[in-house]
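This report describes the structure shown below, moving from a single residue to the sheets and then to the chain as a whole.

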Amino acid sequence: MICQREIITKPLFQKRFVFILFFFGILFNFGLYSVFASSLDKNTQKPFPIILPDIQVVKGIVKRGDTASSLLKKYLSLKTIYEISRLSSNIFSLTHIRRGQPYKIILQENTLVRFEYEIDKEDRLVVQKENGIFSINQAPIEYDVELEVVSSTIIYSLFEAVRKAGEKTELAWKLSDIFAWDIDFLRDIQAGDQFKVLVEKRYRDGKLSGYGNIQAAFFSNSGTLFKAFLHKNSNGVSGYYDEKGKSLQKAFLKAPLTFSRISSKFTKRRLHPIFKVYKPHSGVDYAAPKGTPIKTVGDGIIMQIGYNKGMGNYINIRHYNGYSTGYNHMCKFAKSMKKNKRVRQGDIIGYVGMTGYATGPHLDFRMKKNGKLLDPLKHKSPSAKPIKPGEMERFLARTLELSARMLTAKLASFDKKTT
């Protein structure tokens, strides 16, 4: 009897126990769901906060009298600034910080973590702090670059025409540098001359910040059309060539000053403005404001540099193939000019003045070959080497592409005027 009772009651107990567990399981799950739903509803209404470090960006322009110490002393000790300056010297010396250049200081929780200074239009100095250690690098400035066509007709000057087209005067300098071997932008420019350029425009924060390379340029001067196309050869050297692959670069520039006025030409008989007697004038006088930069017309080595009573501050340069040039009456020499220094075509060697026998600020420019004086205005300079035969096919294909883009832009411009 006892055994029989046990067999009957044990299953009944198990059924009741399972029912109780099932009932409490439902209650537990319902409560858990309610809690989760409530939490989800709260999170939907109020997102979980993400705490970010306190970041501040301080931007500015270097003012007169500013130094690295004056810019950074608010955030770093003088000892740290000195150490950064020491580490930076091999990349860019902080003592060369110039007025007018932008800089940026980035703070994290009021601690300096990054300093940027724009060295020029191409590169910036970057001082970065990570794990308590400063690293210093030179990095390119990032621009949004767009390739655009600019054209205009000259009435008074190239500068006026460029401004009329809505562009910066920097573009005029770039254009004059390309054609400096063929066009004297003082004597040769005429009203009605036209230009068209395909140029890289650089933008920062949606504003025009300057220009990159001119990829192609057309210049109509007194009825003659000059063309220039940028080409980089197999050695990575870039230069400008005409549509036939002939280099625009010559042994000598047409003038040592880009924009000035000729006050006296090469002649065998001229009334001297000081001595009032007729004497030969063996050079060309370029009248220009005091301080105007003077460029060497060709590659060479400085043979003589100094001062004498007649020529004032002067530099004589020896070039290749027996040529030499002289630059006289400077107010001062460019930095680092000295005897036996090698200079490259277009380098600034000094500045216009009126030292020596001079009645006003000007440059007296002279040219010789094998010791014989030449008239710089009449001398035809030999050209540099043309495109290599093995690169002509690539060059001509690129020339056709750029020309088509220039002509398409011209048609689009006419369409705008007629609508």
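In this predicted model, Thr296 is in contact with a set of residues that lie beyond its neighbours within four places in sequence: Leu253, Ile317, His319, Tyr327, Val343, Arg344, Gln345, Gly346, Asp347 and Ile349. Thr296 is found in the loop between β15 (293-295) and β16 (300-308). The relative accessible area of Thr296 is 0%, and buried means under 20%, so Thr296 counts as buried.

Another loop residue, Val237, may be set beside it. Val237 has its place in the loop between β9 and β10. Once neighbours within four places in sequence are left aside, Val237 is in contact with His231 and Lys232. With a relative accessibility of 49%, Val237 is classed as partly exposed.

**The sheet β6 to β10**

The strands on either side of Val237 belong to an open sheet of five strands, ordered β6-β7-β8-β9-β10 and paired in the antiparallel sense. The edges are held by β6 (144-153) and β10 (238-241); each has a single partner strand, so one side of each lacks a neighbour in the sheet. From one strand to the next, the twist averages 30°.

Within this sheet, β8 (207-221) pairs with β9 through six bridges, in the antiparallel sense. These two strands form a hairpin with two residues between them, and Ser222 in the turn has a positive phi of about 55°. Strand β9 (residues 224-232) is joined in turn to β10 by four bridges, again in an antiparallel arrangement. The hairpin of β9 and β10 has five residues between the strands, and there Gly236 takes a positive phi near 85°.

Individual bridge partners, taken from both five-strand sheets of this report, are listed below.

| Residue | Partner | Strand of the partner |
|---|---|---|
| Phe218 | Lys227 | β9 |
| Phe229 | Tyr241 | β10 |
| Leu230 | Tyr240 | β10 |
| Lys129 | Phe134 | β5 |

In a regular strand, side chains alternate between the two faces of the sheet.

**Helix α5 across the sheet**

Helix α5 (residues 170-178) lies across β6, β7 (194-204), β8, β9 and β10, and runs at about 40° to β8. Which residues of α5 are buried? They are Glu170, Leu171, Ala172, Leu175, Ser176 and Ile178. The cover over these buried residues includes α4 (158-164) as well as β6, β7, β8, β9 and β10.

**Aromatic pairs and charges over rings**

A search of the whole structure finds 10 aromatic pairs. In one of them, the rings of Phe195 and Phe219 have centres 6.5 Å apart and planes at 20°; planes under 30 degrees apart count as stacked, so this pair is stacked. Phe195 belongs to strand β7 and Phe219 to strand β8, and the pair links distant parts of the chain, 24 residues apart. Phe195 and Phe219 are both buried. Ring pairs also join Phe195 and Phe219 with Phe179, Phe185 and Phe226 into a cluster.

Lysine side chains are also placed over rings. Lys227, which stands opposite Phe218, lies over the face of the Phe218 ring at 5.2 Å from the ring centre. Elsewhere, Lys332 lies over the face of Tyr351, at 5.4 Å from the ring centre.

**The sheet β1 to β5**

A further open sheet of five strands has the order β1-β2-β3-β4-β5, with antiparallel pairing. Its edges are β1 (55-61) and β5 (133-140), each with a single partner strand, so that one side of each is left without a neighbour in the sheet. In this sheet the twist averages 15° from one strand to the next. Strand β4 (residues 123-130) pairs with β5 in the antiparallel sense, over eight bridges. Helix α3 (residues 78-88) packs on the sheet and touches β4 and β5, with its direction at about 45° to that of β5.

**The protein as a whole**

The protein contains six helices and 22 strands. Of its 419 residues, 38% count as buried. The exposed area is about 26,200 Å², of which carbon and sulfur atoms supply 56%. Among contacts between residues at least 6 apart in sequence, 59% join residues at least 24 apart.

Notes. Residues numbered from 1 in each chain as written. Predicted model: local features only at pLDDT ≥ 70, side-chain atom pairs only at ≥ 80, totals over all residues. Heavy atoms only, no water. Pairing = 2+ DSSP bridges. Axes fitted to C-alpha atoms, helices over the stretch in contact; angles between N-to-C directions. Contact = heavy atoms within 4.5 Å. Buried < 20%, exposed > 50% of the residue type's maximum accessible area, 1.4 Å probe, protein only. Areas by Shrake-Rupley, 256 points an atom, 1.4 Å probe, with all protein chains shown as cover. Phe/Tyr/Trp six-rings, centres within 6.5 Å; stacked < 30°, edge-to-face > 60°. Lys NZ or Arg CZ within 6 Å of the ring centre and 35° of its normal.
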